[in-house]
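Biologist: Please take one part of this model and go through it closely. I would like the ligand sites before anything else.

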Amino acid sequence: MKVMKFGGSSLATAAKFKQVVELIELRSEPVAAVFSAPQGITNALVELIELARQGSDLTPQLDDISQRLLTLCTDCAGWREGFDVSHSQQQTSGLLDQLRTLAQGCAMIGQCPEVTAAQILSVGEKFSTLLMAALLRSQHPVTVIDPKLFLTTEDDSGEPVADIVTSQQRFQSHYGDAEELAVMPGFYGRHPNGDLCLLGRNGSDYSAAVLAVCTGAERCEIWTDVDGIYSVDPRLVDGAQLITRMSYQEAMELSYFGAKVLHPKTITPLSRHQIICAIKNTTNPQHPGTLISATTDEGKAVKAISKLSDVAMINVAGPGMKGMVGMAARVFASMAESDISVILISQSSSEYSISLCVPGDEADRAVKHLQRSFRLELKNGMLEPVDCQENLAIITLIGDRMHQQKGTASRFFGALSHARVNIIAIAQDSSERSISAVVRAKRADDAVAVCHQQLFLKKPRIDAFLIGCGTVGKELIAQINRQQAWLKDNDIELNLVGIANSRQCLLDAKGIELSNWPEQLAACRQGLSLERLQGFVREAHLTNPVIIDCTSNQDIAMSYLNYLQASFHVVTANKKANTDTLTYYHQLQAMATKRQRRFLYETNVGAGLPVIDNLQSLLRAGDELLQFEGILSGSLSYIFGEIHQGLSLSAATAKARDLGYTEPNPAEDLNGLDVARKVLVIAREAGLPLELSDVDLQPVVPDELAAIEDGDEFMRRLPEHDSVFQQLIDQAESNHQKLRYVAIIKDQRCAVKIQSVGPDHPLYEIEAGENALAINTRYYQPKPFIIRGYGAGAEVTAAGLFGDLLRTLSWEQEH
Ligand code: ADP
Ligand code: ASP
Ligand code: MG
């Protein structure tokens, strides 16, 4: 014999009723089938009761329920021979008449006593059973089992618990010789006083388990809308993993701590009678599903993560708790007397306080009861006022084999910290089968998603938002696209979830399809804002959001502080933030540390060349910057190289401009400001408290030329300076030297100027657009540490950004 229970999700439409009939008919052994209400009907009945209690007009709600149930009957008409649809409709109308009478009676007095509420709420299950019985009976003999005749609950328990012994005896006397095929409504049974009583929401699972015990079944199948039990609620988190086997204890903990797939009491009777439980998918019946039995498999130590919502935590604390025998017992006795089930307990080792979690809707009652029980202690100050925190949730890790593994708790709490979720209390059961953390309800979904990601998927993940679609931005998008296979091979999930230009912002939580991003972006109406991105990150539960700034925009640079505060990593090629005031620079560093986020700007100096990271590593190792000299502008490096090939300043500049090596207005290169910003970034990195105005800046051309705002005008006027410049060149060459535009850090000061260098100088050989950095430190002297290579261009800059983007992953190891 086996019991098959079909949930509301399996009975949502007439087509699903038919599917269920077919599944039952595939049986090779006697079957007792248990049915929930069709999907949505119990909720509609709950609303009906609410309306009745308010004394409202019930007609629309009653009509809606009637129509839904009668349509289900009608839609089954003609499906199989022998099915008498009009008989089922008559039975349904009879049920609906009873419902109407009960509900209207309640509406008249504005009250709905519990037993009447139970009668009303059980209508959905009664309907499913009468329709299923009629469909099956058209071809087979069917026994209809009435749970009110046997499924007896314990007296006086807050949450109904089945009295298995009595239920078994009553079942024997009423249905001793169960037929080949029996059907039964789930969700309710009988109170010892004979009244109909409910088993709690989702209670049909429990009905099935009790029926399995009473019929002596070997197997209890719970048919639902998912392939089995997953490592996490698959509706909550992407990437949930199906569990093929689990132990009774694991399933019990999982359902107790909130996994809706099983009613929390289902497993106890099954485990006691060693009945195998299988979770199966009605729409995918070939799938083996999840098997729950006495043993678990050798799979992962942590099997699943669950979330129990709507929890309150009550704290009983005070000097009277310390060392007093029996205080804890009195706290729990007080809860037991008021029929409030305590979900979780945590006691401080100093015994100063006991915290207990209770269902949110019981919190008020629990506090009042405790206040009554400890009236005297509260009055004389032995206890502090009873404290209650509401709107909490419990996140639990479950797995039989957790106790064989060290470090699970630390990974769990690490993951919560990664999600920036504050832990309010912690509890672990002594069998180490579960570890729970109490957190704020509004952060619970994020907490579950991040914990699952870190403990199950383990795939490091980056959710990137790219701002600025100029040459560098475009190139970075292309590189991200090209590197997908490499990222996959290296088990890194890098999703570009946002692309923004100055007007539009394209967002896609699953990762933007990169083959046609320009068209998608062009179609976007909304622009970029921190609030929008924050909302998006929250809704999509992104765990590692990174802003990549590929602009040179001042406003965006000034928004980094807010992005870091909102827990985005910031990766930037834009130098404006690091060269704004020293105060802002320090604020950014401090905020990154406070929020445990990365602020990365390797491309601020030398594009893709590894400058900042190397410098930071040396400084972290106790090194100190003594002196720096470098060529930090690719365009000026090119121009100066050409000059020594015999071109005039203006001709060399025109050539560089034609090749796209300069800004559209080369004055922006020749004014030296960009180099000044770069050297300031290095200086600040080395700990010098300097402002941009402190950099002694000598432009390549006189201020008057450097200030020209139009590129063409600048190029027209530039020859004015050729002869002066030529003199400098001639002088240098006569000394066998070369001119270089050099950034210098020396004696705690920064300078940017034209310098004549001889063959023994490290910058003498550098030509043709290269950058070069000669860094003297305490560890690297007298010979400096040299970094040399192309320090401009979209490809190398994008590659530098890409490198920084991947560095956001190392956060896990570092914190
Ligand atoms: P039924 O109507 O069949 O009783 P329920 O909605 O009560 O179905 O339970 C099935 C749902 O339980 C799934 O759709 C899923 O969203 C939810 N669920 C929660 N946690 C889990 C989990 N760990 N594994 C599978 N499903 C889960
Ligand atoms: N129909 C009831 C509910 O929705 C019982 C069940 O489905 O298990 O809670
Ligand atoms: Mg259910």
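Which residue has a polar backbone atom 2.8 Å from an oxygen atom of ligand 2?

Modeller: The residue is N202, whose polar backbone atom is 2.8 Å from an oxygen atom of ligand 2. The model is predicted, so local features need pLDDT of at least 70 and side-chain atom pairs count only at pLDDT 80 or more, while totals for chains, interfaces and linings use all residues. Residues are numbered from 1 along each chain as its sequence is written, chains are lettered from A and ligands numbered from 1 in the order in which they are written, and side-chain values use heavy atoms, with hydrogens and water left out.

The shell of ligand 2 consists of S36, A37, T42, E125, F187, R201, N202, G203 and S204; a residue is near a molecule if one of its heavy atoms lies within 4 Å of it. Besides N202, a backbone N or O atom of S204 lies 3.0 Å from an oxygen atom of ligand 2. On the side-chain part, an N or O atom of T42 is 2.7 Å from a nitrogen atom of ligand 2. These are polar contacts (pairs of N or O atoms within 3.5 Å; within protein, one must be able to donate a hydrogen and the other to accept it, and residues adjacent in sequence count only if both atoms are side-chain atoms). Ligand 2 has 260 Å² of accessible area on its own, and the protein covers 88% of it; such areas come from the Shrake-Rupley method with a 1.4 Å probe, and for residues only the protein chains shown count as cover. The shell has two nonpolar, five polar and two charged residues. In this classing, Ala, Val, Leu, Ile, Met, Phe, Trp, Tyr, Cys and Pro are nonpolar, Asp, Glu, Lys and Arg are charged, and the others, Gly among them, are polar.

N202 also leads to ligand 1: an N or O atom in its side chain is 3.0 Å from an oxygen atom of that ligand. T224 has a side-chain N or O atom 2.7 Å from an oxygen atom of ligand 1, and R235 places a polar side-chain atom 2.6 Å from an oxygen atom of ligand 1. The protein buries 93% of the 570 Å² that ligand 1 exposes when taken alone. There are 19 residues around ligand 1, and T224, Y230, D233, R235 and K260 come nearest. By class, eight are nonpolar, six polar and five charged.

Away from the ligands, K303 is in the loop between β10 (290-293) and β11 (304-317); strands are DSSP runs (E, at least two residues), numbered from the N terminus. K303 counts as buried because its relative accessible area is 6%, and buried means under 20%, exposed over 50%, partly exposed in between (1.4 Å probe, protein chains only). The K303 side chain makes a polar contact of 2.3 Å with the side chain of T296. Beyond its neighbours within four places in sequence, K303 contacts residues including S231, R245, E250, D297 and F456, where contact means heavy atoms within 4.5 Å.

Strand β11 also holds D310, which has a positive phi near 50° though not a glycine. D310 is partly exposed, at 47% relative accessibility. Most residues other than glycine have a negative phi, and most peptide bonds are trans. A cis peptide bond joins Q781 and P782, with omega about 0°.

Notes:
Helices (H or I, at least four residues) and strands (E, at least two) are DSSP runs, numbered from the N terminus.
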